[in-house]
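Good morning, colleagues. I should like to use these few minutes to walk through one model with you, beginning with the packing of its helices and then turning to its strands.

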Amino acid sequence: MKKILSAAVLAALLLCLVIPAMAEGVQIGQVEYAAHGTKCFAVLTVAMQDGVIADAYIDEFQFMAADTSVGVPNSDADFGTSYPEGKVLASKKVNAAQYSANMAEKAGSTVALDANYAAIEAFVTGKTIAELEAAVEGKTAEEMVDAVTGCTLVDTLGYVNGLIEAAKAAQ
């Protein structure tokens with residue numbers, strides 16, 4: 001019993017030392033980037049560990065209809081007073097269902113926006129900056145759509161390039 005208790009205490013002590021040491025090697029990089037045209041902007045974030053993207057996050061912001069969209073914080077306060085009439089600055093990810101339905105109706109999109117973002121996030125995760133740069137080098141926008149499984153966004157190349165910049169910002 002004494003040996004089991006000692007082993008458990010030793011294991012707990014090691015976990016207390018190892019887990020924080022592992023977390024110290026994580027750097028966060030984030031950029032604001034024009035990944036998709038001129039009417040919105042993306043905020044692209046990566047967590048880098050040991051030179052590899054450990055995780056990625058994409059969101060975009062644009063003005064959307066105030067009556068059907070959830071605006072960013074303070075859209076209903078002083079911050080929102082300079083918005084165009086009937087619009088709010090909104091996260092596409094927060095409003096993915098509404099945005100996706102709109103894109104399905106207007107452009108025939110068959111994959112939800114948040115699912116497209118998730119496919120790109122999964123594509124970059126586990127790769128180095130050099131691997132991603134090689135993956136996009138010389139590729140057209142159409143070729144990048146085909147390179148990312150599960151993604152149908154015409155600006156996939158823009159999102160991947162933006163995530164590369166976010167990874168560089170973490171260095």
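Helix 4, residues 129-136, and helix 6, residues 156-170, have axes that come within 10 Å and cross at roughly 155°. I should state at once that this is a predicted model. Angles over 145 degrees count as roughly antiparallel, and helix 4 and helix 6 are therefore roughly antiparallel to each other. As for handedness, the crossing of helix 4 and helix 6 is left-handed.

Which residues make this contact? On the side of helix 4 they are Ile129, Leu132, Glu133 and Val136. Helix 6 contributes Leu157, Val160, Asn161, Ile164, Ala167 and Lys168. By character, the residues of the contact of helix 4 with helix 6 comprise seven nonpolar, one polar and two charged.

Let me now turn to the strands. In general, the strands of a sheet pair through backbone hydrogen bonds, and the pairing may be parallel or antiparallel. Here, four strands form an open sheet in the order 1-2-3-4, and their pairing is antiparallel. Where does this sheet end on either side? Its edge strands are strand 1, at 26-33, and strand 4, at 87-91, each of which pairs on one side only. On average, neighbouring strands of this sheet are turned by 15° against each other, with direction ignored.

Finally, one pair in detail. Strand 1 runs antiparallel to strand 2, residues 41-49, and eight bridges join the two. Within this pair, Val31 stands opposite Leu44 of strand 2.

Thank you; I welcome your comments.

Key. Residues are numbered from 1 along each chain as its sequence is written. This is a predicted model: local features need pLDDT of at least 70, side-chain atom pairs count only at pLDDT 80 or more; totals for chains, interfaces and linings use all residues. Side-chain values use heavy atoms; hydrogens and water are left out. Two strands pair if DSSP finds at least two bridges between them. Axes are lines fitted to C-alpha atoms, for helices over the stretch in contact, and angles run from 0 to 180 degrees between N-to-C directions. Angles under 35 degrees count as roughly parallel, over 145 as roughly antiparallel, 65 to 115 as roughly perpendicular and the rest as oblique. A crossing is left-handed if the near helix is turned anticlockwise from the far one by less than a right angle, and right-handed if clockwise. Contact means heavy atoms within 4.5 Å. Ala, Val, Leu, Ile, Met, Phe, Trp, Tyr, Cys and Pro count as nonpolar, Asp, Glu, Lys and Arg as charged, and the others, Gly among them, as polar.
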